[in-house]
Amino acid sequence: MDYKNITVAGSGVLGSQIAFQTAFKGFNVSVYDISDEAVEKAKDRVEDLKPRYQEDLGASQEELDAAVERMSFFSDLGKAVEDADLVIEAVPEVVKIKTDFYEKLGQAAPEKTVFATNSSTLLPSQFAEATGRPEKFLALHFANEIWKNNTAEVMKHPGTDKDVFNDLLEFAKAIGMVALPLHKEQPGYILNSLLVPFLEAGQMLLVKEVADPQTIDKTWMIATGSPKGPFAILDIVGITTAYNISNAKAEATGSEEFAKLAAVLKTEYIDKGKLGRETGEGFYTYPNPAYEDPDFLKG
Ligand code: NAD
């Protein structure tokens, strides 16, 4: 892997984090977004990340300033990818936006450039053709707050070149991630393939009135030694996201159970402003949620 110049396309929540982390680890980073206004916002986002790096990683002012020095910002795609070894795409999770973007990128980028998508729910094979270079295209999926939640799921589609895949694993390590190879396409990658069914199973026990959230979490925590059960995790994910997922499942499958779950999440939680940890209350109240109390596991 001899990547030096990295372009991050889309500088929203995740794009700005990927760009800053990559520059922090010594790469030259071009940040691309659709307008000058969006680019200005990206600069603000980067400024907002600095105190997080100081708090969470003990980064010095010099290191943070040096990272910013290595970043440049563009609203012109051609200029942003002029000498890019790798483009990491973090544009909105909308098929049409991503397809249009890859068609333009395929034309604008030099032949050497590898493309990686950070999409959470769409598969790389959906866009492989639009890129014009399927063998140099794959997924590189980060988690929010990448400087501390440092997983990088690197996932091939059937046409990805093996050396490109190995290079991306190496790159992910070079920017401080734990590189996790996925040899086949998998919706939801590894994490959500495990987490989504787990959280759903917990919520179904609640909707079927088998047990209350605290009893369900307690069972899981005591029996497996896990620090959190499904409802504590749901508070972190956010109850709005859980509601959107159950609502979509109810509509797609006609499932009465998912419709009931969506209704419970809406009337008992969302309508009462209990959106999870972010709002101070969800299934638990914060700070100091009950599941962190040592007595929680005693009875
Ligand atoms: P966001 O809405 O915060 O940011 C999207 C950015 O893309 C904005 O700055 C927007 O101006 C820009 N944009 C819009 N159209 C564009 C175009 N045609 N070309 C270039 N830029 C364009 O979104 P986000 O949460 O950062 O998500 C981006 C991607 O990252 C999605 O694919 C999402 O699935 C994935 N992701 C998000 C998270 C998360 O927690 N937010 C976690 C992992 C992966």
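A polar side-chain atom of aspartate 33 lies 2.7 Å from an oxygen atom of the ligand, a polar contact being a pair of N or O atoms within 3.5 Å; within protein, one atom must be able to donate a hydrogen and the other to accept it, and residues adjacent in sequence count only if both atoms are side-chain atoms. The model is predicted: local features need pLDDT of at least 70, side-chain atom pairs count only at pLDDT 80 or more, and totals for chains, interfaces and linings use all residues. Residues are numbered from 1 along each chain as its sequence is written, and side-chain values use heavy atoms, with hydrogens and water left out.

Glutamate 93 also places a polar side-chain atom 2.5 Å from a ligand oxygen atom. Valine 91 contributes through its backbone, with an N or O atom 3.4 Å from an oxygen atom of the ligand. Of the ligand's own 840 Å² of accessible area, the protein covers 75% (Shrake-Rupley method, 1.4 Å probe).

The surroundings of the ligand comprise 21 residues, of which Val13, Leu14, Asp33, Glu93 and Lys98 come nearest; a residue counts as near if one of its heavy atoms lies within 4 Å. By class, this shell has 10 nonpolar, 8 polar and 3 charged residues, where Asp, Glu, Lys and Arg count as charged, Ala, Val, Leu, Ile, Met, Phe, Trp, Tyr, Cys and Pro as nonpolar, and the others, Gly among them, as polar.

The ligand takes up the space of the largest pocket. A pocket is an open set of points, on a 1 Å grid over the protein atoms alone, where a 1.4 Å probe fits, with protein on both sides within 12 Å along at least five of seven lines. Helix H1 (13-24), helix H5 (95-108) and strand S6 (137-142) each give two or more residues to the shell, and H5 gives the most, with 3 residues. Helices (H or I, at least four residues) and strands (E, at least two) are DSSP runs numbered from the N terminus.

Two domain annotations come from an unreviewed UniProt entry. "3-hydroxyacyl-CoA dehydrogenase NAD binding" covers residues 5-182, a span that is 44% helix and 21% strand. "3-hydroxyacyl-CoA dehydrogenase C-terminal" is listed for residues 188-286, where the chain is 67% helix and 0% strand. Such annotations may be inferred rather than shown by experiment.

Two backbone features remain. Glutamate 145, in the loop between S6 and strand S7 (151-155), has a positive phi near 65°. The peptide bond from tyrosine 286 to proline 287 is cis, with omega near -5°. Most residues other than glycine have a negative phi, and most peptide bonds are trans.

Definitions and conventions
On a 1 Å grid over the protein atoms alone, a cavity is a set of points where a 1.4 Å probe fits but cannot get out, and a pocket is an open set with protein on both sides within 12 Å along at least five of seven lines; lining residues have an atom within 4 Å of a point. A molecule sits in a cavity or pocket if more than half of its atoms lie within 2 Å of its grid points.
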